[in-house]
Structures are given as C-alpha cells and as structure tokens.
Amino acid sequence: MIKVTVCGAAGRMGSRIIALSKDYPEIKIVGALESKNNPKVGSDAGVVAGIGDLGIKIVDDIERVIDNTDIVVNFTNPEATLEHLEIVRKYKKSMVIGTTGFSNEQLTKIQEIAKEIPIVLSPNMSIGVNLLFKILKDVAKVLGDDYDVEIVEAHHRMKKDAPSGTAIKMAKVIAEALERNFDEVAVYARKGIIGERTKKEIGIQTIRAGDIVGEHTVIFGGLGERIEITHKASSRDTFARGALRAVLWLYGKPAGLYDMGDVLGIK
C-alpha cells in the first residue's frame, strides 16, 4: 500500500486526485493539505472531494502528516510547492509535482533536491500530451528549419500562469530538436509593426476564457501547406489519473528527477 498526501486537497486538481484514488487499490490517501486561510481546513478530504467520509481531515501543516506518508502529490503554486518540497526532503519522502509557473531559479532548486529524493516533475500529467511531446520532437526533426513553428494554448479564466507549462515544454522540445536556444527564439506576444517573422523564432500565444480545461495546438507552417497537431483535454480527470499513475511508478525509485516520459516509458 502506497501512502499518499495530497497538497491543494480542496482545489480543482487535488480533489479529483483524492476522488479517483479509490480506483487504485495500491494507493491510500493518508494526508490532505491546504493553505492556512482555506475555509476547507478541518473538513474531511473525502467529503470535499465528493466521495464521502474518508476519515482524513484537511490540515494546514504538512509536518502533521508527512511522517506517515510515502509520496506527496502537489498541484499548488511554485512557492508553496518548494516549501513543501523542503519538508519532503527533510523526511526523505518522494514527490509528484504537477505545479506549473516555476522560474528558472526554482527549477534549479528542484533539480538540486532531486539529488537526494525521487521526484516526478511534469507540467502536464496527461498520457496524450506526453505522447505528443515525443511526436513533436520527431516531426520537428523531419521538417527542420523550412517550417515556421507556432503554439497556441487555451485554458480557463482562473489559470494564474501564462503561457502554460505545457506550451513551454512543447516549445522547448521543438527547440531542442531543431538545435535552437529556447530563450533566444521564444516569442510570447506580437503587437504593432514587428517586421517579418524571423526564421527560427517559436511563437507561443495564450488564450484565457471560461472553463476551458486545456487545449494546445502546434502549427508547423510551410510554403503551400501546414501541419496542425492538437490536444484537447475535456476533463481534469485525465491529469489526475496521470498523477496517480506517476505515484505507482515512483514508489521505490532511487533519488532523481523524472518526468512523465519516464513514467510512461516513452522517452
């Protein structure tokens, strides 16, 4: 039995992870965490997730539950994630991170901590999206510099970071396949008289509207044709199930920084 604590237990992702964990007999939710000012602190995590009483109260201090935990799952914000990760390192536990919006400095910190404990870090836990990362790499290598690359991502109005972590990962995968420096070629917005598009830039455009779960389209535009590759998520359950699959895979692994490509065996 893998004992799991979920951070952000009352949030959109955390509550679905708790709800769907009932479909995984190897996993047992033993802890649920929320921020100190969250009104759900003290409530039963199962009731909040809509699956009935679990006997697990939502707490606001991870150290109250970490000792009885094998793996912590975190879909919160960068600052809270790093704070929790320090505690996870202190107790020599493992962590699955689906949080997005990390700065380069924060990512470097995660890489350092991963030398001591096992971590799965992915901006998107969807099986389909992670398969797409591999496909995009192969397509980019074949098309080369003759096709312009543009990425358009759309999410719900409440998403705080932009562009999405998934869109950035897509752009980085393509940039690496084309032997380009991502920081030099990424273009996040265009306005006014900008001149002709440069040959090597990778455009990343953002849409925020309504309750869009997540949509990503990559356009490879050539002269006389274009290829569009799109992934649309219709439910957060696809991300929650991916996170639970990462939990199953990560249990017992040695220290290191892994991603969903490792989990799915599609590196």
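Me: Which residue lies over the face of Phe133, and at what distance from the ring centre?
Reply: In this predicted model, the residue over the face of Phe133 is Lys169, placed at 4.7 Å from the ring centre. A second case of this kind involves Trp249, since the charged end of Lys253 sits over the ring of Trp249, 4.4 Å from its centre.

Me: How many aromatic pairs does the structure hold, and how should such a pair be read?
Reply: A pair of aromatic rings is described by the distance of the centres and the angle of the planes. The structure holds 1 aromatic pair. Its members are Trp249 and Tyr258, whose ring centres are 5.0 Å apart and whose planes stand at 80°, so the pair is edge-to-face.

Me: Is Tyr258 buried or exposed?
Reply: Tyr258 counts as buried because its relative accessibility is 15%, and the cut-off for buried is under 20%.

Me: In what order do the strands of the open sheet follow one another?
Reply: To read a sheet, one follows the strands from one edge to the other. Here 7 strands form an open sheet in the order β3-β2-β1-β4-β5-β6-β12, and the pairing is parallel. The edge strands, each of which pairs on one side only, are β3 (58-59) and β12. Within this order, β1 and β4 run parallel and are joined by 4 bridges, and Val4 has Ile71 in β4 as its bridge partner.

Me: How do strands β10 and β11 run relative to each other, parallel or antiparallel?
Reply: Strand β10 (residues 214-221) and strand β11 (residues 226-233) run antiparallel, with 8 bridges joining them. Together β10 and β11 form a hairpin that has 4 residues between the strands, and in the turn Gly224 has a positive phi of about 95°. As one point of orientation, Val218 stands opposite Ile229 in β11.

Me: Which residues touch the most other members of the largest nonpolar core?
Reply: A core can be read through its members and through the elements that supply them. The largest nonpolar core has 36 residues, of which Val4, Ile17, Val73, Val96, Val120 and Val247 touch the most other members. Among the elements that each supply at least two residues of this core are β1 (2-7), α1 (12-20), β4 (71-74) and α8 (237-250), and α8 gives the most, with 7 residues. Apart from this core lies another, of 26 residues, including Ala167, Ala171, Val185 and Ala186.

Me: What is Val120 in contact with, leaving aside its neighbours within four places in sequence?
Reply: With those neighbours left aside, the contacts of Val120 include Met95, Val96, Ile97, Ala246 and Leu250. Trwo members of the aromatic pair described above also belong here, since Val120 is in contact with Trp249 and Tyr258.

Me: Which residues of helix α4 are buried, and where do they fall around the axis?
Reply: A helix can be viewed down its axis to see where its residues point. The buried residues of α4 (residues 104-113) are Gln106, Ile110 and Ile113, and they fall within an arc of 65°, so they line one face of the helix. On the other side of α4, Asn104 and Glu105 are exposed. The cover over the buried residues of α4 includes α3 (78-90), β6 (118-121) and β12 (256-258).

Me: Where does Gly261 lie, and which residues is it in contact with?
Reply: Gly261 lies in helix α9 and counts as buried because its relative accessibility is 10%. Leaving aside its neighbours within four places in sequence, Gly261 is in contact with Asn130, Ile266 and Lys267.

Methods
Residues numbered from 1 in each chain as written. Predicted model: local features only at pLDDT ≥ 70, side-chain atom pairs only at ≥ 80, totals over all residues. Heavy atoms only, no water. Phe/Tyr/Trp six-rings, centres within 6.5 Å; stacked < 30°, edge-to-face > 60°. Buried < 20%, exposed > 50% of the residue type's maximum accessible area, 1.4 Å probe, protein only. Lys NZ or Arg CZ within 6 Å of the ring centre and 35° of its normal. Pairing = 2+ DSSP bridges. Core = buried A, V, L, I, M, F, W, Y, C linked by side-chain atoms within 4.5 Å. Contact = heavy atoms within 4.5 Å. Arc of directions from axis to C-beta.
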